[in-house]
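Please look through the structure below with its sequence beside it, and follow the paragraphs that come after, which go from one local contact to the chain as a whole.

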Amino acid sequence: MAIKSLSIRIDEDMLDKLHVVADYEGRSANGQINVLIRDCIAAYEKEHGKIELGK
(Lines give C-alpha, C1' and ligand atoms only; values in the text may rest on other atoms or scores of the structure.)
Protein backbone atom coordinates (compact mmCIF):
# COMPACT_ATOMS: atom_id res chain seq x y z
CA MET A 1 0.00 0.00 0.00
CA ALA A 2 1.43 3.37 -1.04
CA ILE A 3 1.55 6.14 1.54
CA LYS A 4 0.51 9.54 0.22
CA SER A 5 0.58 13.02 1.73
CA LEU A 6 -2.42 15.27 2.21
CA SER A 7 -2.28 18.90 3.29
CA ILE A 8 -5.29 20.37 5.05
CA ARG A 9 -6.25 23.76 6.38
CA ILE A 10 -7.45 23.59 9.98
CA ASP A 11 -8.49 26.20 12.50
CA GLU A 12 -5.76 26.76 15.11
CA ASP A 13 -8.03 25.97 18.07
CA MET A 14 -9.20 22.76 16.42
CA LEU A 15 -5.60 21.73 15.77
CA ASP A 16 -4.65 22.46 19.38
CA LYS A 17 -7.58 20.32 20.58
CA LEU A 18 -6.61 17.54 18.17
CA HIS A 19 -3.14 17.49 19.75
CA VAL A 20 -4.69 17.19 23.23
CA VAL A 21 -6.86 14.24 22.14
CA ALA A 22 -3.95 12.60 20.29
CA ASP A 23 -1.67 12.96 23.33
CA TYR A 24 -4.36 11.46 25.57
CA GLU A 25 -4.70 8.50 23.20
CA GLY A 26 -0.91 8.09 22.96
CA ARG A 27 -0.79 8.99 19.28
CA SER A 28 0.68 11.67 17.08
CA ALA A 29 -1.74 14.12 15.47
CA ASN A 30 -1.19 12.28 12.18
CA GLY A 31 -1.96 8.93 13.82
CA GLN A 32 -5.11 10.36 15.42
CA ILE A 33 -6.30 11.73 12.06
CA ASN A 34 -5.77 8.29 10.49
CA VAL A 35 -7.87 6.68 13.25
CA LEU A 36 -10.65 9.23 12.71
CA ILE A 37 -10.62 8.66 8.95
CA ARG A 38 -10.69 4.86 9.36
CA ASP A 39 -13.62 5.16 11.79
CA CYS A 40 -15.47 7.43 9.38
CA ILE A 41 -14.97 5.03 6.47
CA ALA A 42 -16.02 2.05 8.59
CA ALA A 43 -19.23 3.84 9.65
CA TYR A 44 -20.00 4.77 6.04
CA GLU A 45 -19.41 1.20 4.83
CA LYS A 46 -21.54 -0.21 7.64
CA GLU A 47 -24.47 1.92 6.48
CA HIS A 48 -23.91 1.89 2.70
CA GLY A 49 -21.86 -1.23 1.98
CA LYS A 50 -18.23 -1.76 1.12
CA ILE A 51 -16.61 0.91 -1.01
CA GLU A 52 -15.22 -0.73 -4.14
CA LEU A 53 -12.30 1.06 -5.72
CA GLY A 54 -12.01 0.76 -9.47
CA LYS A 55 -8.24 0.43 -9.69
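In this predicted model, the side chains of R27 and E25 meet in a salt bridge, with a nitrogen-to-oxygen distance of 3.6 Å. By the rule used here, the count comes to 1 salt bridge. Neither partner reaches the level called exposed, which begins over 50% relative accessible area, and neither falls under the 20% that would make it buried: R27 counts as partly exposed because its relative accessibility is 32%, and E25 counts as partly exposed because its relative accessibility is 41%.

Charge also appears on the surface in another form, since D11, E12, D13 and D16 gather there in a patch of negative charge. One member of this group, D11, lies in the segment before helix α1, which spans residues 12–25, and D11 is partly exposed, with a relative accessible area of 47%. Across the whole chain there are 8 positive and 10 negative side chains, and the centres of these two sets lie 9 Å apart.

The surface carries a nonpolar patch as well, formed by L6, I8, I10, M14, L15, I33, I37, I41, Y44, I51 and L53, which together have about 1,000 Å² of accessible area. The elements that give two or more residues to this nonpolar patch are α1 and α2, the latter covering residues 29–48. The largest share of the patch comes from α2, which supplies 4 residues. Another member, I51, lies in the segment after α2, and I51 counts as partly exposed because its relative accessibility is 36%, a value between the two cut-offs.

How many helices and how many strands does the chain have? There are 2 helices and 0 strands. The radius of gyration of the chain is 14 Å, well over the 10 Å that the globule rule gives for 55 residues, so the chain is more spread out than a compact globule. Taken along the principal axes, the box that the C-alpha atoms of the chain fill is roughly 35 × 25 × 20 Å. Of the 55 residues in the chain, 9% count as buried, and the chain exposes about 5,500 Å², of which carbon and sulfur atoms supply 55%.

Two pairs of residues help to give a sense of distance within this fold. A42 has its place in helix α2 and is partly exposed, with a relative accessible area of 44%; the C-alpha atoms of A42 and H19, which are 23 residues apart along the chain, are separated by 23 Å. S5, for its part, lies in the segment before α1, and S5 counts as exposed because its relative accessible area is 78%, which is over the 50% cut-off. Between the C-alpha atoms of S5 and S28, which are 23 residues apart along the chain, the separation is 15 Å.

To return to the surface, a reader tracing the model may begin with the patch of negative charge made by D11, E12, D13 and D16, go on to the salt bridge between R27 and E25, and then find the nonpolar patch, to which α2 gives the largest share.

How values were computed. Residues numbered from 1 in each chain as written. Predicted model: local features only at pLDDT ≥ 70, side-chain atom pairs only at ≥ 80, totals over all residues. Heavy atoms only, no water. Patch = residues over 30% accessible without salt bridge, like charges linked within 9 Å, V, L, I, M, F, W, Y side chains within 5 Å. Areas by Shrake-Rupley, 256 points an atom, 1.4 Å probe, with all protein chains shown as cover. Salt bridge = Lys/Arg side-chain N within 4 Å of Asp/Glu carboxyl O. Lys, Arg positive; Asp, Glu negative; His and termini not counted. Charge placed at Lys NZ, Arg CZ, Asp CG, Glu CD. Buried < 20%, exposed > 50% of the residue type's maximum accessible area, 1.4 Å probe, protein only. Rg over C-alpha atoms; globule rule 2.2 N^0.38 Å.
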